[in-house]
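Welcome, and thanks for taking a look at this one with us. Below is a short tour of the fold, its strands, its rings and two selected residues.

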Amino acid sequence: MSYAFQKCSILIRTSFAVLAAFACLFLSLSLGSAFANDYKIGDIEITNVWARATPNGAKVAGGFFTIVNHGKEADRLVSLSSELSDKAQIHSMEMADGVMKMRHQADGVVIPAGGTVEFKPGSFHVMFMDLDKTLNKGDEFKAKMVFEKAGTVDVVFTVSGIGAQAPDSMPANHEEHQHH
């Protein structure tokens with residue numbers, strides 16, 4: 001074999017290896033965000049979409065997520081609907097005189113400009129009512145979120161265990177690791 005042919009062969013193999021590495025990186029980044037339940041509509045980004053598993057016969061389930069508004073104007077999460085039940089309500093929970101009170105947020109929840117609102121246990125959350133089925137850990141179900149300005153976005157809730165404080169893919173003390 002000539003020296004030029006060997007050099008060309010090495011160059012082709014190296015180029016192919018680099019191209020394959022970039023293809024793997026691109027694929028892993030694309031699939032990573034698809035599996036992470038992250039969604040974007042306009043200036044609104046929705047992450048960590050999950051729900052809690054329910055005991056047999058339960059007729060309600062809690063849904064949780066984080067909404068980031070990257071825009072310069074406030075927006076409002078107006079409503080949700082799901083394939084899981086005909087009725088979903090946005091609720092808040094707060095302590096008042098030593099008692100935890102849950103309130104329906106009929107007007108939705110404002111997402112401030114440049115701000116983040118976490119829907120998490122003991123705070124804002126979604127109540128899916130009159131469930132059609134029991135939710136088991138690992139299940140998924142589709143829902144639609146409606147924002148006043150950004151519009152409607154389809155999301156998928158992934159079900160974590162009964163009593164979970166965070167999605168299975170995130171440790172319960174995830175606030176310590178986020179830098180929003």
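Helices (H or I, at least four residues) and strands (E, at least two) are taken from DSSP runs and numbered from the N terminus. With that in hand, histidine 91 can be placed in strand β5, which covers residues 87-96. Please keep in mind that this is a predicted model.

**Overall picture**

The protein's secondary structure amounts to 1 helix and 11 strands. Following the sequence, the order of elements is α-β-β-β-β-β-β-β-β-β-β-β. The protein has 180 residues, and 35% of them count as buried. Its accessible surface is about 10800 Å², with 58% of that belonging to carbon and sulfur atoms. If you take the contacts between residues at least 6 apart in sequence, 65% join residues at least 24 apart.

**Strand β11 and its partners**

Strand β11 is a good place to start, and it spans residues 151-160. Strand β10 (residues 140-147) runs antiparallel to β11, and 8 bridges join the two. Together, β10 and β11 form a hairpin, with 3 residues between them. Within this arrangement, phenylalanine 147 stands opposite glycine 151 of β11. Strand β2 (residues 44-52) is also joined to β11, here by 3 bridges and in a parallel direction. Tryptophan 50 has threonine 158 in β11 as its bridge partner.

**Aromatic rings**

How many aromatic pairs does the structure hold? There are 7 aromatic pairs. The rings of phenylalanine 119 and phenylalanine 124 have centres 5.6 Å apart and planes at 35°, so this pair is tilted. For phenylalanine 128 and phenylalanine 157, the centres are 5.3 Å apart and the planes stand at 85°, so the pair is edge-to-face. Phenylalanine 128 sits in strand β9 (residues 125-129) and phenylalanine 157 in β11, so their pairing ties together parts that are 29 residues apart in sequence. Ring pairs also link Phe65, Phe119, Phe124, Phe128, Phe141 and Phe157 into a cluster.

Are the rings of these two pairs on buried or exposed residues? The table gives the relative accessibility of each residue.

| Residue | Relative accessibility | Class |
|---|---|---|
| Phenylalanine 119 | 2% | buried |
| Phenylalanine 124 | 24% | partly exposed |
| Phenylalanine 128 | 0% | buried |
| Phenylalanine 157 | 0% | buried |

**Histidine 91**

Back in β5, is histidine 91 buried or exposed? Histidine 91 has a relative accessibility of 6%, and because buried means under 20%, this residue counts as buried. Its side chain makes a polar contact of 2.8 Å with the side chain of glutamine 89. Leaving out residues up to four places away in sequence, histidine 91 touches Met102, Arg103, His104, Gln105, Ser123, Phe124, His125 and Met127. One of these, Phe124, also belongs to the ring cluster.

**Glycine 71**

Our last stop is in a loop. Glycine 71 lies between β3 (60-69) and β4 (75-82). With 10% relative accessibility, glycine 71 counts as buried. Which residues are in contact with glycine 71, leaving aside its neighbours within four places in sequence? They are Asp43, Ala113 and Gly114. From C-alpha to C-alpha, glycine 71 and isoleucine 111 are 9.9 Å apart in space, while 40 residues separate their positions in sequence.

Note on methods. Residues are numbered from 1 along each chain as its sequence is written. This is a predicted model: local features need pLDDT of at least 70, side-chain atom pairs count only at pLDDT 80 or more; totals for chains, interfaces and linings use all residues. Side-chain values use heavy atoms; hydrogens and water are left out. Rings of Phe, Tyr and Trp (its six-membered ring) pair if their centres lie within 6.5 Å; planes under 30 degrees apart count as stacked, over 60 as edge-to-face and the rest as tilted. Buried means under 20% relative accessible area, exposed over 50%, partly exposed in between (1.4 Å probe, protein chains only). Contact means heavy atoms within 4.5 Å. Accessible areas come from the Shrake-Rupley method with a 1.4 Å probe; for residues, only the protein chains shown count as cover. Two strands pair if DSSP finds at least two bridges between them. A polar contact is a pair of N or O atoms within 3.5 Å; within protein, one must be able to donate a hydrogen and the other to accept it, and residues adjacent in sequence count only if both atoms are side-chain atoms.
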